[in-house]
Every structure is written in structure tokens, then in C-alpha cells.
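Student: I would like to go through some of the labels attached to this model and see what each one rests on.

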Amino acid sequence: LQLRPGSDHAFFAHAVRELLRDGADWDYLARHASGVDELRDAVEPFDLATTARITDLDPTAISEFVEAVRRAGRITLMSGTGLTMSASPAVAEWLMRALEVVTGSSDREGGSFFSPGFFSQSDTKDWEPRVGLPGPGPRSRPELPSWMGMYSVAAFADEVERGFLRAMIIVGGNPSVAFPEHDRIVGALEALEVVAVADVVASDTTAYATHLLPCAGQLERGDLTMGSTSAVYGQYTPAVVPVGAERRTQWQLFADLARRLGHDVLPEGLSLESCRDEDLLAQVCAGARVPFAELAAHETGVLAQRGTYGWVTERVLPHGRWQVAPPALVEQLARLDVHTSTVYIPRRPRHRVNSTLRDLGGARDEDAVFLHRDDAAEIGAADGTLVRVASEHGSLVGPVRIEAGLRQGTVSIHHASGDVNVANLTSGAVNVDPVTGMVLQSGIPVTLSVVEHDDDAPDARVATTTEPLGRSRG
């Protein structure tokens, strides 16, 4: 269902509304939910006609989705960057989780699964109930929310310009093309006294580095599989190839740096000279479901269990209840608006991950402005025509690529690209979500125009150089 970008909250609010009328698991709600009445009031305005108008969907398709949920009973919902980069990402995510709770699907077999972790064994621990509220923002932007001690990148340039941030260690990131307001970010990186970049490949940001920390790649180090979705499992993989050139594992780099600063960050009994990957991985496995030696003996890993349900409800939730109507999100839902004009939406290319792997060449069409055929025709553009995409914050120029499956009224461009850089369309000063601190990167109103001259066109060639990477400090 191709919703109007930024209207996800209305779609899920309607589904919650209808399920509360017919299809809710009332036994589950009575035992494990708080704020059901407030939730019902919050979603009541989203009747079928209103939801169809906001989402620009066929009312029949919306009703078919609700009916499918009723038939299925229990469901699992997942979101991605399209939703989390849009306006009100927390509201949409909340309503998705509320839909799981309303159908009795949250933390129950047949519904959503919360992995307790192979290594952390969260299902065996006692949790202190707490209410998730944001902390204050950094000194330059105290109005921005912070979570778990982390600040939003929306404040990065402000912190540097005010002199509050003077050194930065960047691990596997590429802020010079990924952060909002590209020109300000580049200026901030150049103003920092220290920009230490730890990575496995050169990136756009290494050009601004004062110090480069070349890390071993994934095949050059021992590793543990840390994630799991529908099962609880662990796997150890030894290094496949020796570490090449002058690269070092990331833990070695930071342990060495810490020692030079007078700190010993390695576990007791381990020294930088003799410590191996496996020694640290054994420490990670100290609280795991099986000892490291047993895990290492299984080439294909260890499956501890296929699913553990109910532990979040029993151990984590205050009084075993989900809060289905958080006041801050209820308030935000009531005042949300959706742009009906042409908007930009992000996408990911098939052959690279965000900004990485662009240096491998391949399809340069990935750095293009993707349009519906009718939208291109409206401005007199065809496949390959250079167009300017402009928002209230800036603009970019790129070649048109017609895409039949794209929703009309949307402009889709790969994010984190150095050539056709959507960071020029975004801002860290406005359009920042008040709950998450997320910069708006999807559903941004834009205008389109054909570029008559190619003076502003991005160079389609991949830049190469034999000069040393990073900037000189004399």
C-alpha cells in the first residue's frame, strides 16, 4: 500500500480504532494494558473517510488490511528507515506497537518476539521498572531531547560553532555526507581540533580527518554473532584471513589510545601485548548461555531456544502492563499534519550500504533523482534530464531516472550520497522530531525544475587520488 509519505500514523491509528471496536483481545488488555480508554479517545478521529483522505489510499484497501488483521488474530509489525526518517516517527511506531497490544500479539507466541539475547540472557535478570523519558539536550540546543546519554546529530554543527565540541572520534560513520546541512557540517569538521576516523575503507569524511585509525575488516578478526530475531542463538567465527597492511583491530586501537592517556580498559589479567580476539570474546561470553569454549567448538553455532515469550511482560513492564497511551505521543498525534505537495523520500541502493562501497564503481544511476513518469512529464523532463530539487533549506541537482513503481508526487533519492546529496535538503535547526530528536529526512516538501545549463551538475566520475588521505595539521 503506497501511503502518502508521512501518513503512517493515520493508517495505524485507524487500524487500532477499528480493532478496539471489533477484534481486540480484551482478556489480554485487561491483564496487560494501561491507558486503553485514552488510546480509544486518541484514535477516534481516524474514521475510514478521514484516514483515506490523509493517506490518499483507496478506502477498500484500508478496510481489507483491518479485516486481514482480524482474520490473522496475532501479528508482528516492523518498520524501517522510510518511517523512522519521516515526521512523527515515534507516533507511528507507538501506534504499531499499540496495534500489537490490542490484538494480544505483544510478547506472545504467534506475535512479536523480544529476543532475550544469547549473551545477555535478559530473560533471567531482574529489571527495575522505569518510565522512558528523554533527558536534556546539549548546551547549544537544550530543547533537543537526549536518550541514554546520546545527543541528536541535529546539534553537531551548533556544538562545534559554540566551542562546546572540539574533538570527535568517528567510528564507521560518514557525517560529511549523512548529516543535515552539508555545508555547515563540512565547516564544523574543518573547525574541530581533532577528527579521528576509525574505519575499514576510505570515506568522504576521511578527507577531513586529522588522524586516521585503519581498522581490521570483518574477515580479519574473530567475531561473535550478536543479533537474533526469532530464535536465541550464538556463533563464533575465527579470523578468515590475516590482518593486512598496518591495520589493527578496533579494540587494539582504543586500548592503546587509552593506555597512552593513562587508563587500562582491558579486563583484569589481559595486556595489550598478549591479548587476542578470543580472550575478549571469552569475556563477552562470561554471562552467555554456554561458555566460549563450547561455542567455539560448534562451527555452525549454538541454538539455545527457538523462542522465549512472556519475559518482557513478566520482568520488565511495570506491573506487567504496557502503557498504550503515552501522554506526549497522544498530544503529538492530535496536532499532526501531512504535506499533500510533492515530497522527497529516501531510498537505499541495491549495490551499496548507505554511503559505503561507492568507490567500487558499478551503476552510477544510483546517484539520480527518481521520478514517476507523470511527474517528470509535468516539468518537461525525461530519463537523463538534469533537474533541480529544492526544499526550504537548500537544493541539489541530479539526472532524472524514471521509475514505474514510484508513487506519483514523490521524489526519491538515495541518502548518504556524496554526489546527489540529500543532506542539502534537510536541516538540523527545524523539522526535528520533539520526542526522538530525529532530523526530518522523509516527506520533505520540494519543488522540481529542469536545469537548462549543466554548470551545477554533479561530476559523475568517481574521484581518485594518490595523495595521502586526511588533512594536514602542519
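**Labels and their grounds**

Tutor: Begin with a helix pair, keeping in mind that the model is predicted. Helix 1 (residues 8–21) packs against helix 4 (residues 48–55) at an angle of about 160°, and their axes are 9 Å apart.

Student: Why are helix 1 and helix 4 called roughly antiparallel?

Tutor: Angles over 145 degrees count as roughly antiparallel. The angle here is about 160°, so helix 1 and helix 4 are roughly antiparallel to each other. The crossing of helix 1 past helix 4 is left-handed.

Student: What makes the phi of Asp107 worth listing?

Tutor: Its sign: phi of Asp107 is near 65°, a positive value, and the residue is not a glycine. Most residues other than glycine have a negative phi. Met148 also has a positive phi, of about 50°, and is not a glycine. Asp107 is in the loop between helix 7 (89–102) and helix 8 (156–161), and Met148 lies in the loop between helix 7 and helix 8.

Student: How do you know whether Asp107 counts as buried or exposed?

Tutor: Buried means under 20% relative accessible area. Asp107 has 2% relative accessibility, so it counts as buried.

Student: And which label does Met148 get?

Tutor: The cut-off for exposed is over 50%. Met148 has 76% relative accessibility and therefore counts as exposed.

Student: Why does Ile169 count as partly exposed?

Tutor: Partly exposed lies between the 20% and 50% cut-offs. Ile169 has 48% relative accessibility, so that label applies. Ile169 is in strand 2 (residues 167–171). Together with Val171, Leu257 and Leu261, Ile169 makes a nonpolar surface patch of about 360 Å².

Terms used
Residues are numbered from 1 along each chain as its sequence is written. This is a predicted model: local features need pLDDT of at least 70, side-chain atom pairs count only at pLDDT 80 or more; totals for chains, interfaces and linings use all residues. Side-chain values use heavy atoms; hydrogens and water are left out. Patches are made of residues with over 30% relative accessible area and no salt bridge: like charges are joined within 9 Å, nonpolar side chains (Val, Leu, Ile, Met, Phe, Trp, Tyr) within 5 Å. Accessible areas come from the Shrake-Rupley method with a 1.4 Å probe; for residues, only the protein chains shown count as cover. A salt bridge is a side-chain nitrogen of Lys or Arg within 4 Å of a carboxyl oxygen of Asp or Glu. Helices (H or I, at least four residues) and strands (E, at least two) are DSSP runs, numbered from the N terminus. Buried means under 20% relative accessible area, exposed over 50%, partly exposed in between (1.4 Å probe, protein chains only). Axes are lines fitted to C-alpha atoms, for helices over the stretch in contact, and angles run from 0 to 180 degrees between N-to-C directions. Angles under 35 degrees count as roughly parallel, over 145 as roughly antiparallel, 65 to 115 as roughly perpendicular and the rest as oblique. A crossing is left-handed if the near helix is turned anticlockwise from the far one by less than a right angle, and right-handed if clockwise.
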